[in-house]
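I opened my notebook and set out to look up a few things in this structure. These are my entries in the order I made them.

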Amino acid sequence: MIRKIILLSFLLGFSFCNKEKKNITIVGEAFDAKRSAVVISNEGIFYLDELVSWDKKYYGKKVKVTGKLKIEKNEKRESDTVEMQRIVGEIKIILNAKWDLVE
């Protein structure tokens, strides 16, 4: 019985983590953050999954980014014994991003 519960929990968690991600297009300014390159727009801050930092051709300029939106939710854990820097709350990540300058 316990094995069935564990398996069911795993499968439910797996299906939750692998929900289909929707396509998104964001227009905003290109900057770098500690985690990765970001686009700051009226809709918020979007992290680019596979880009560590922007090339100087894009940095600080208006860009159009398309890709798949993934939203992570991080909560503060009271059990943490060591202070750590982390983003708490909703994190918007763009997967398989493609970008170009906006004139």
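**Entry 1: Lys70 and its partner**

Lys70 is partly exposed, with a relative accessible area of 29%. I note at once that the model is a predicted one. I placed Lys70 in strand β4.

Which residue forms a salt bridge with Lys70? I found Glu72, with the closest N and O atoms 3.3 Å apart. The side chains of Lys70 and Glu72 are also listed as a polar contact of 3.3 Å. Glu72 counts as partly exposed, because its relative accessibility is 22% and the buried class means under 20%. Side chains of opposite charge can pair when their charged atoms come close. I then looked up the count for the structure, and it comes to one salt bridge.

Next I listed the contacts of Lys70, leaving aside neighbours within four places in sequence. They are Lys21, Ile91, Lys92, Ile93 and Leu95. I looked up one C-alpha distance here. Lys70 and Ile91 are 21 residues apart along the chain, and their C-alpha atoms are separated by 8.2 Å.

**Entry 2: Lys92, a buried lysine**

Lys92 was on that contact list, and I followed it up. Lys92 belongs to strand β5, residues 89–101. Is Lys92 buried or exposed? Lys92 is buried, yet it has no salt bridge. I looked for the nearest side chain of opposite charge and found Glu90, 4.6 Å away. The cut-off for a salt bridge is 4 Å, so the pair of Lys92 and Glu90 does not count.

What lies 2.7 Å from a polar atom of the Lys92 side chain? I found the backbone oxygen of Glu43 there. Beyond four places in sequence, Lys92 is in contact with Glu43, Gly44, Ile45, Phe46, Tyr47, Leu69 and Lys70.

**Entry 3: Ser41**

Glu43 came up again when I looked at Ser41. The side chains of Ser41 and Glu43 are joined by a polar contact of 3.0 Å. Ser41 sits in strand β2. Ser41 has a relative accessible area of 13%, so it is buried. Not counting residues up to four places away in sequence, Ser41 touches Ile26, Val27, Gly28 and Phe46.

**Entry 4: Strand β2 and its pairings**

I turned to β2 itself, residues 37–41. How many of its five residues are buried? Four are, so β2 is largely enclosed by the rest of the structure.

I looked up β1 next. Strand β1 covers residues 22–32 and pairs with β2 in the antiparallel sense over four bridges. The two strands form a hairpin with four residues between them. I noted two facing pairs. Ala30 stands opposite Val39, and Glu29 has Ile40 as its bridge partner in β2.

Then I looked up β3, residues 44–48. β2 and β3 run antiparallel, joined by four bridges. A hairpin joins these strands through two residues. Here Val38 stands opposite Tyr47.

**Entry 5: The nonpolar cores**

Nonpolar side chains tend to be buried together in soluble globular proteins. I went looking for such groups.

The largest nonpolar core has 15 residues. Those with the most contacts inside this core are Val39, Leu48, Trp54, Val63, Val65 and Ile94. Which elements give two or more residues to this core? They are β1, β2, β3, β4 (62–74) and β5. A second, separate core has five residues, including Val38, Tyr47, Ile93 and Leu95. I recognised Val38 and Tyr47 as the facing pair from the previous entry.

I picked out Val63 from the largest core and looked up its contacts. Setting aside neighbours within four places in sequence, they are Ile26, Val27, Gly28, Ala30, Val39, Trp54, Tyr58, Asp100, Leu101 and Val102. Val39 and Trp54 are thus on this contact list as well as among the core residues with the most contacts.

**Entry 6: Asn96**

My last entry is on a backbone angle. Asn96 has a positive phi of about 50 degrees, although it is not a glycine. I found Asn96 in strand β5, which also holds Lys92. Asn96 counts as partly exposed because its relative accessibility is 48%.

Notes. Residues numbered from 1 in each chain as written. Predicted model: local features only at pLDDT ≥ 70, side-chain atom pairs only at ≥ 80, totals over all residues. Heavy atoms only, no water. Buried < 20%, exposed > 50% of the residue type's maximum accessible area, 1.4 Å probe, protein only. Lys, Arg positive; Asp, Glu negative; His and termini not counted. Polar contact = N/O pair within 3.5 Å; in protein donor to acceptor, adjacent residues only side chain to side chain. Contact = heavy atoms within 4.5 Å. Pairing = 2+ DSSP bridges. Core = buried A, V, L, I, M, F, W, Y, C linked by side-chain atoms within 4.5 Å.
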